[in-house]
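Below are my notes on the model you sent, set out as numbered points. Please read them with the structure open beside you.

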Amino acid sequence: MSDLILFWHRRDLRISDNTGLAAARERSAKLVGVFCLDPDILQRDDIAPARLTYMIGCLQALQKQYSQAGSQLLILHNNPVIGIPVLAEALKAKAVFWNWDVEPYSQTRDIAVIDSLKAQGIEFLHQNWDQLLHSPAEIFSGSKTPYTVYTPFWKNWITKPKATPIETLPNFAGLTEQEQEIAQQAGAIKLPSAQDLGFSWDEELIISPGELAAQKRLEIFTKSAINEYQEQRNFPAVDGTSQLSAALKFGVISIRTVWQATIEALENSRSEEVTASIRTWQQELAWREFYQHAMYHFPALSEGAYRDSFKNFPWRNNEAHFQAWCAGKTGYPIVDAAMRQLNESGWMHNRCRMIVASFLTKDLIINPQWGEKYFMQKLIDGDLSANNGGWQWSASSGIDPKPLRIFNPASQSQKFDVEGEYIRRWVSELRSVDSQYLVSGNILPLERRAVGYPAPIVDHKKQQALFKEIYQQQKVGVV
């Protein structure tokens, strides 16, 4: 057996500030990365072309980083339960290291890999929670149970000391030419393109792939936009958010690096307003962690509603209404703008995510799982925990359910897109409509027909009343 350690990358597509990778490098300089293109994931029907394109770009950047460090990033296209142990045995690796994940599929898969490695006498290390500032075992309520409401979670979470970025020793030793041939025989391949894998995305990505691009985005955000984040984050026409969600989803930037940047921003703050804005962004990072802890502790969330009153909810599930929602043709300008932004860019502003999710579940009375899946089919930052948490929050079916949240599309437009700038950008046929009528949605039928824009597919006021009626009946039935 050689001194070789394989590091299995998954949601940590970077070399710097990587807890598992740093631990592996401490053990041995002969360190090689491996990433597995899992057919069980790639063949699912909720893979977004933009997300896969971004991931492939991140892998290309990571391969370059490994080469600069003196090693290689190997690519497998195989079930990891088979591919990782076969590669490790073929290369006579001393150990396989990786970082742990919260998702149910990942945990089941990783346990199977562990069993295979054990059978071959190959060491493994997977205890690092690299994607979180605190592991799910660290944050519990006073009764020693997982939190199901965000505010007390935040109050506890923010008091805990946060880890600082970790340095990885430089100068890896990679595979010899003979070992590279062995790796190829064991299944290592050239990194395919997204097109090779059957996915096509021709639009510009909202963030360039790779660690350096993510670090640059973080630096720009924390030097300017974060100072006004508390106010500007709600306006979809304003570039007021970090747009780092895809980078965090794939771990091309570390959550410790991100958190450290917020601490430095707080130290440089010169006003209460700026401090409040930075703290608000920290709370958003805590929401991300809250949903990941929830997915770990309550894996059934990935299958459906958390609350009993929603487990057999009588959703109306009108297919024509759903297709109109997907296409951005509901007749509600802010909803349609948001859905067209999603379809055309692979991303949607967070305020708009809440608006369209409320509209699908509370106005159209359609099962939130339909919308959750559609988001995953489109979003560059599609993440099981965050997406599931956001949809169940909007549907009132998950953890942290109160109050019963119903967004009025017109009032949301009037408050957060005052001049209709966001709507005009994404709903081109409405660009000539007066702002007053545009943001209120009170566009005359004649004008709608003239510009080719549909009438509202439902009446918000009536649907809101209907949803509340069904909701109350369901609550009574459960009790």
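How many salt bridges are there between domain 1 and domain 3? The points below begin with that contact and then turn to the sheet; the model is a predicted one.

1. The count between domain 1 and domain 3 is two salt bridges. One of them joins the side chains of K373 and D45, with 2.5 Å from N to O.

2. For orientation, the protein is divided into domain 1 (1-130), domain 2 (132-164 + 212-297) and domain 3 (308-477), the bounds coming from an automatic or database domain assignment. The centres of domain 1 and domain 3, taken over C-alpha atoms, are separated by 39 Å, and the contact draws on 12 residues from domain 1 and 12 residues from domain 3.

3. Between them, domain 1 and domain 3 bury about 870 Å², of which 51% lies on carbon and sulfur atoms. On the domain 1 side, the residues that lose the most area to domain 3 are D45, D46 and R51, which together account for 47% of what that side buries; D45 is also the partner of K373 in the salt bridge named above.

4. Turning to the sheet, six strands form an open arrangement in the order β5-β4-β1-β2-β3-β6, and the pairing is mixed. Because β5 (123-128) and β6 (188-189) stand at the edges with a single partner strand each, one side of each is left without a neighbour in the sheet. At the β6 end, strand β3 (residues 73-76) runs antiparallel to β6 and is joined to it by two bridges, with I75 standing opposite I189.

5. Within this order, β1 has parallel pairings with two strands that deserve inspection. With strand β2 (residues 31-36) β1 pairs over five bridges, and W8 stands opposite V34; the chain passes from β1 through helix α1 (residues 19-27) to β2 in a β-α-β crossover that is right-handed. With strand β4 (residues 95-99) β1 pairs over four bridges, again in the parallel sense, and here I5 stands opposite A95.

6. Finally, strand β1 (residues 5-9) is largely enclosed by the rest of the structure, because five of its five residues are buried. In a regular strand the side chains alternate between the two faces of the sheet. In β1, I5, F7 and H9 point one way while L6 and W8 point the other way, and residues on both sides are buried.

How values were computed
Residues numbered from 1 in each chain as written. Predicted model: local features only at pLDDT ≥ 70, side-chain atom pairs only at ≥ 80, totals over all residues. Heavy atoms only, no water. Buried < 20%, exposed > 50% of the residue type's maximum accessible area, 1.4 Å probe, protein only. Pairing = 2+ DSSP bridges. Right-handed = clockwise from strand over helix to strand, strands pointing away. Contact = heavy atoms within 4.5 Å. Buried area = accessible area lost by both parts, 1.4 Å probe. Salt bridge = Lys/Arg side-chain N within 4 Å of Asp/Glu carboxyl O.
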